[in-house]
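Trainee: I've just opened a structure I have never seen before. Could you walk me through how to read it?

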Amino acid sequence: MLKTSGHMFHIDFGKFLGDAQMFGNFKRDRTPFVLTSDMAYVINGGDKPSAKFHHFVDLCCQAFNVVRKHGNLLLNLFGLMASSGISGVTMDAVRYIQRSLLLELTNAEAAAMFARMIQSSLKSWFTQFNFFLHNLAQLRFTGDHNDGELLSFVPRTYSMAQEGRLQSVEVYGYQKRYDPGKYYVYILRVQRVSQTDPSYLFRSYKEFVEFQQKLCIHFPLAKCYSLQSTSLHVGRSNIKQVAEKRRVDIKRFLTSLFKMADEICHSDLVYTFFHPLLRDQQEASIHEAKLKERKKERAINSESWRLRGELRLSVHYQRGILMVMVHHARELPAVPNGQEPSTYVKVYLLPDPHKQTKRKTKVVRRSCHPSFMEMLEYRMPLEIVQHRILQATVWNHDPLQENEFLGGISLPLESLDLSQETLQWYSLGNVHR
C-alpha cells in the first residue's frame, strides 16, 4: 500500500510474482500490473504528467527492492510450501518467483527494470480491458445496487427536476490531452431552458460508450446510433483522424438520442451524464489557459527563454562498471512554440574527443516532468573513470528541425565516492556542448 499525492494505491506484488487471474477460460493478466490512465490521472492531479508521478515511481521501485532484499527468505518459505504438497504451490511456481525478483541485478538495475514494467502497463490497451473485466467480475458477485443508473464517473443520480430541462446538446469541438499518453476529450455545448448562457462539458469517447451501454440496458427496445467500444480497439486509436471520426459518431448519437421519447431522452440517466462535474470546471480552466498561451506565443517566440529545471541522477561504480541512472527531470520550460517539450537525456564522460562515451535515453513526449528511469553503463577501469567529468544534457526532440538544448550539468567524478550510490537532483544550466 503506497500513499502519494494524498491518495492510497495498492501495488499487488503477488500479481507481479505470478498470481495469474482467470475470467472464465480467459487469462486476464497479460501485463505486470493493473495501472490505468485513470489511476495516473489521480496520481498527477490532472491530465498532465507531473512530479507527483515521479514520486509514485520512486516509491514503487523502493518497495520492489525491499521485497528483493528478503528474496531468499521468501524463496525458502515458498520452497517449504511446495515440498509440503500445498495445493497450487509447485517448484515451477517457486522458480517463476525467483526469476521475477531479478535477484541477479543490483538495486539500481532492478529499479530501472521495474520502472519499465510500470510504463509498459500504463501504455498497454489490454490493461484497460483487464480493468473492465475486473469491474465486470465485481458486478457479477456484488450486483448492481443502483439498477445500472449510476455511471462510473458520476457519484450519484441527477434528474430533470434538479438540473433544468435540456434544450440542446451539440459537439462544440475536441481537444488533445496527455495522461501520460495522448487522448482526446470532446467539448459539449449544453443549453438548458432555465439558463441564459450555455455550459460546457468535457467527456471522453470511452465515457460516451459507457453511457450508450447503460441506455441499452435500461431501454432495450430503444433504437439508438451505436458507438464502437474503445476497450477492444486495436491500433492507433489516439490520432486526430480517429478523433474526428468519433466526433461525427458522437454527433449522430446525440441526434438519435434526442429524437427518442421524453421518457428516454429526459430520463435520469441522461441528466446524470450531462450533469456538470468539478472536472468540467478544471477542463474549462485548461481551455482558457491554452487560449492565453496562444496569445502569448508571439511574446514567447520573440524573447530568449531562460534555462531552468532539474535533472535527477544516480551514479555508482560496481563490478568494473560505472552505472549512471537517469531518473526524472522536472520544471522544464516550454519550447519556443509554446508546447511542452519531447525530451531525451544525452550523457558523455569528458574529455571524449571522438564521442565514444555518448549515451542517450529514449524520448519522452510532451512533458515538462518527464520520467526516464534508464540505466546507462560504462565498462572502464576505476582509475580512468575518476578523472572524467560526467556531462548530462537535456534536449527537446524535434523531427522537423534541429533539436533544442534545454540545459545540462557537468559533474566531476573525482568529487564523488563512487563506491556508494550518489542520488541527487541537479539544477540545469549552460554547459560546454
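**Reading the model step by step**

Mentor: Let's begin with confidence, since this is a predicted model. The protein chain has a mean pLDDT of 81, and 77% of its residues reach 70 or more.

Trainee: Which strands have the lowest and the highest mean pLDDT among the elements of the chain?

Mentor: Strand β3 (residues 22-23) has the lowest, at 43, while β10 has the highest, at 95. Look at single stretches too. Over residues 3-8 the pLDDT stays under 50, and the model has 14 contacts there beyond four places in sequence. Residues 298-304 are also below 50, with 4 contacts beyond near neighbours in sequence.

Trainee: Now the strands. In what order do β10, β11, β13 and β14 sit in their sheet?

Mentor: For a sheet, read the order across and then the direction of pairing. Here the order is β11-β10-β13-β14, the sheet is open, and the pairing is antiparallel. At the edges are β11 (359-360) and β14 (404-412), each pairing on one side only. Zoom in on β10 (residues 343-350): its antiparallel pairing with β11 covers 2 bridges, and V347 stands opposite R359 in β11.

Trainee: How about helices? Which residues of α2 are buried?

Mentor: List the buried residues, then look down the axis. In helix α2 (residues 37-44) they are M39, A40, I43 and N44. Those buried residues fall within an arc of 130 degrees seen down the axis of α2, so they line one face of the helix. Right after α2 comes G45, with a positive phi near 75 degrees.

Trainee: And the aromatic rings? How many aromatic pairs are there in the whole structure?

Mentor: A search finds 14. For each pair, check the distance between centres and the angle between planes. Take Y174 and Y186: their ring centres are 5.8 Å apart and their planes are at 50 degrees, so the pair is tilted. The pair links distant parts of the chain, with Y174 in strand β5 (residues 166-178) and Y186 in strand β6 (residues 182-192), 12 residues apart.

Trainee: Is Y186 buried or exposed?

Mentor: Y186 counts as buried, because its relative accessibility is 2%, and the cut-off for buried is under 20%.

Trainee: Which residues form an aromatic cluster?

Mentor: F153, F208, F211, F253, F258, F273 and F274 form one. F273 also has a charge over its ring: the charged end of R203 sits 5.6 Å from the ring centre. Elsewhere, R68 lies over the face of F64, at 5.9 Å from the ring centre.

Notes: Residues numbered from 1 in each chain as written. Predicted model: local features only at pLDDT ≥ 70, side-chain atom pairs only at ≥ 80, totals over all residues. Heavy atoms only, no water. Phe/Tyr/Trp six-rings, centres within 6.5 Å; stacked < 30°, edge-to-face > 60°. Helix = DSSP H or I, 4+ residues; strand = E, 2+ residues; numbered from the N terminus. Buried < 20%, exposed > 50% of the residue type's maximum accessible area, 1.4 Å probe, protein only. Lys NZ or Arg CZ within 6 Å of the ring centre and 35° of its normal. Pairing = 2+ DSSP bridges. pLDDT = per-residue confidence, 0-100. Contact = heavy atoms within 4.5 Å. Arc of directions from axis to C-beta.
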